[in-house]
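Here are a few short exercises to work through with the model open beside you. Try each one before reading its solution.

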Amino acid sequence: MRFRLAVLILLLGVLGFTSYRATAAIRMARAQSPFAFFQPEPPPLPEISLTDADIIRIMANYNLKQQDSPVFCHQLYGLTSFDQRQIEICEKVDTTQKEVTLLHEIYHIRYHEVGIDTGGPYEPAIQAHAEARFHQLFGIQPPAASAEPGAPANH
Ligand SMILES: [Zn+2]
């Protein structure tokens with residue numbers, strides 16, 4: 001089964017908020033949604049380690065596919081299939097965006113390894129982890145997500 005994200009995550013991509021502000025945006029959207037009653041705030045995502053060894057182990061066991069499909073790249077920066085053990089990233093974005101996206105997908109996989117599904121409402125938390133790890137690894141802040149309408153998102 002493919003790992004898919006919730007509509008709220010698409011909203012985040014469209015709005016181009018950083019993770020922190022995106023969380024606030026989600027809360028606002030929920031408060032205004034007639035379906036808010038059916039979307040309770042999820043419990044906080046537990047902290048998890050992601051060592052260099054974890055990254056190497058995961059990449060040794062997953063296929064990394066550079067996706068050149070315009071349809072894919074129009075909607076997504078990245079997508080992971082746990083069943084197929086495949087990470088797809090849009091090849092048309094710059095290297096920095098690819099690196100942040102790859103870390104994002106690796107965090108999904110790391111949580112999946114310990115039995116935690118991080119789809120849907122956890123996307124902002126996953127993105128925050130990815131951006132923090134990128135900063136730790138490369139010593140610079142990742143660029144803010146595009147604020148263009150229809151900008152791709154990670155899933
Ligand atoms: Zn994601």
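A residue is buried if 20 or more other C-beta atoms lie within 10 Å of its own, exposed if 12 or fewer, and partly exposed in between, with C-beta atoms placed from the backbone. This is a predicted model: local features need pLDDT of at least 70 and side-chain atom pairs pLDDT 80 or more, while totals for chains, interfaces and linings use all residues. Numbering starts from 1 along each chain as its sequence is written.

**Exercise 1.** Find which loop holds Arg-85, and decide whether Arg-85 is buried or exposed.

*Solution.* Start with the strands, which like helices are DSSP runs numbered from the N terminus (E, at least two residues; helices are H or I, at least four). Arg-85 sits in the loop between β2 (76-81) and β3 (86-90). Next, count neighbours: Arg-85 has 12 other C-beta atoms within 10 Å, so it is exposed. Finally, check the backbone: phi of Arg-85 is near 50 degrees, a positive value in a non-glycine residue. Most residues other than glycine have a negative phi.

**Exercise 2.** Work out which element gives the most to the largest nonpolar core.

*Solution.* A nonpolar core is a set of buried Ala, Val, Leu, Ile, Met, Phe, Trp, Tyr and Cys residues joined through C-beta atoms within 7 Å. The largest one has 19 residues, and Ile-106 is among those with the most contacts inside it. Two or more residues come from each of β2, β3, α5 (95-113) and α6 (123-138). The top contributor is α5, with seven residues.
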